Amino acid sequence: MWDDEGESYLDFMAGLAVCNLGHVPERVKARIQEQLEQLWHVSNLFHIPIQEEFAEKLVTISCTDLVFFCNSGAEANEAAIKCARRYHQRVLGNNRYEIITFEQSFHGRTMATLTATGQEKVKDGFLPLPEGFVHARFNDIQSVRNSITNKTAAVMLELVQGESGVHLAEPKFVFELTKLCKEEGVLMIVDEVQTGIGRTGSLFAYEQYGIEPDIITLAKGLASGLPIGAMLGKEKLQEAFSAGSHASTFGGSPLPMAAGLATIETLLEDGLAKQAQQTGAYALDKLRKELKACPAIRAVRGLGLLIGIEFAEPVAPIIQKLHQNGLLVLAGGTHVIRFMPSLYVTCDEIDQAIDILNKVLKERDGSASGTPI
Ligand SMILES: Cc1ncc(COP(=O)(O)O)c(C=O)c1O
């Protein structure tokens, strides 16, 4: 990226994990331009062929059968929560409504999704919160067991908690959680708003855990920067969202549909998920080696190109210095720096980013305490 004075930056934040194909990717741009010459908006009361084409594509590449389009990650999660409740209340005819989510999770900022979010900071000043959300401990199956009641409709989780600092779900936990949900008749919602679209080294993170969620939510990278959200679900949920039960005026509009379709086609054609797996592994390994001796760093973890570097101190001043030195990165929580570059990032660019990080850490005044990784 370049700023208005011509200074260049390595962009390792990609929007907020949105520009997975880089900024203004050519094939997506061409598709949007083509659509610009046609219709921009059509009401969902009418059949929109490009919406159907994109939905077909999404169900083909995922374990799901149905798609609901909206405009953001929060809206996709809101749809998932509503769909889970309605499935139980209208299709199965029980009275389940509670959603179990996890401490440190992030699911959005609408009233329902900030309540679902397992962090107090997003709730501050917004009381009263809607009912029906319970928080269990992440990676603790007993805590989920203790939280399930005859009111539980669904469990919702991120397989990598991105916003709170790149915390990975343990495979054993996810396996047991999936089993538990099946046994208890509880739906499993996986929030792939940040982990989806190749970010973690597979098209969707759930593939790496060998599970098939009932619902997946997507947004961020799905249309390379145009506002979009999607809730994908298994066929059994079809009746839950019958006509008129849920809708969005702009959801599924032709422009983001064109962008989304071209984004997924590009991702597949260029084998970007696989590439992200390889470059992500390279970055993780190199960061661990290079930062091993740095006492300020507590841990380096990640999946694909969603990488977190945890510090023993708040990272805001370090991030500012990195920006001044030409590396754009994001915080995750207060103590973690996230590396989330475009999926086209090269090993050479990763080396450059790590060199900048090393330089900034060496130049820093004072010393921070912490256990070396
Ligand atoms: C996992 C996750 N879910 C939901 C959201 C909310 O998405 P949006 O900001 O598009 O509403 C985010 C945003 O960071 C996210 O990371």
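When I say that two residues are in contact, I mean that heavy atoms of the one lie within 4.5 Å of heavy atoms of the other. With that in mind, and remembering that what we have in front of us is a predicted model, let me start with a single residue, Ser-224, and then move on to the sheets.

If we leave aside its neighbours within four places in sequence, Ser-224 is in contact with Val-18, Leu-21, Pro-25, Val-28 and Thr-263. With Thr-263 there is also a polar contact, of 2.8 Å, which joins the two side chains. Where along the chain does Ser-224 sit? You will find Ser-224 in the loop that runs between strand 9, residues 215-218, and strand 10, residues 229-233. Is Ser-224 buried or exposed? Its relative accessibility is 11%, and because buried means under 20%, Ser-224 counts as buried.

Strands 9 and 10 bring us to the sheet they belong to, which is an open sheet of 7 strands in the order 2-10-9-8-5-3-4, with mixed pairing. Its edge strands are strand 2, residues 66-70, and strand 4, residues 133-136, each of which pairs on one side only. On average, and ignoring direction, neighbouring strands of this sheet are turned by 20 degrees against each other. As an example of the pairing, strand 3, residues 98-102, runs parallel to strand 4, with 4 bridges between them, and here Ile-99 stands opposite Phe-133 of strand 4. Helix 7, residues 171-184, packs on this sheet, where it touches strand 3, strand 5 and strand 8, and its direction makes about 145 degrees with that of strand 8. Helix 3, residues 49-61, lies across strand 2, strand 9 and strand 10, and runs at about 125 degrees to strand 2.

Let me now turn to another sheet, which is also open, and in which 4 strands follow the order 11-12-15-14 with antiparallel pairing. Which strands are at its edges? They are strand 11, residues 297-303, and strand 14, residues 330-332, and each pairs on one side only. From one strand to the next, the twist averages 30 degrees. Strand 14 is joined to strand 15, residues 336-339, by 3 bridges, the two running antiparallel, and Ala-331 stands opposite Ile-337 of strand 15. Helix 11, residues 347-363, packs on this sheet and touches strand 11, strand 12 and strand 15, with its direction at about 160 degrees to that of strand 15. Helix 9, residues 272-290, lies across strand 11, strand 12 and strand 15, and runs at about 170 degrees to strand 11.

How values were computed. Residues are numbered from 1 along each chain as its sequence is written. This is a predicted model: local features need pLDDT of at least 70, side-chain atom pairs count only at pLDDT 80 or more; totals for chains, interfaces and linings use all residues. Side-chain values use heavy atoms; hydrogens and water are left out. Buried means under 20% relative accessible area, exposed over 50%, partly exposed in between (1.4 Å probe, protein chains only). A polar contact is a pair of N or O atoms within 3.5 Å; within protein, one must be able to donate a hydrogen and the other to accept it, and residues adjacent in sequence count only if both atoms are side-chain atoms. Two strands pair if DSSP finds at least two bridges between them. Axes are lines fitted to C-alpha atoms, for helices over the stretch in contact, and angles run from 0 to 180 degrees between N-to-C directions.
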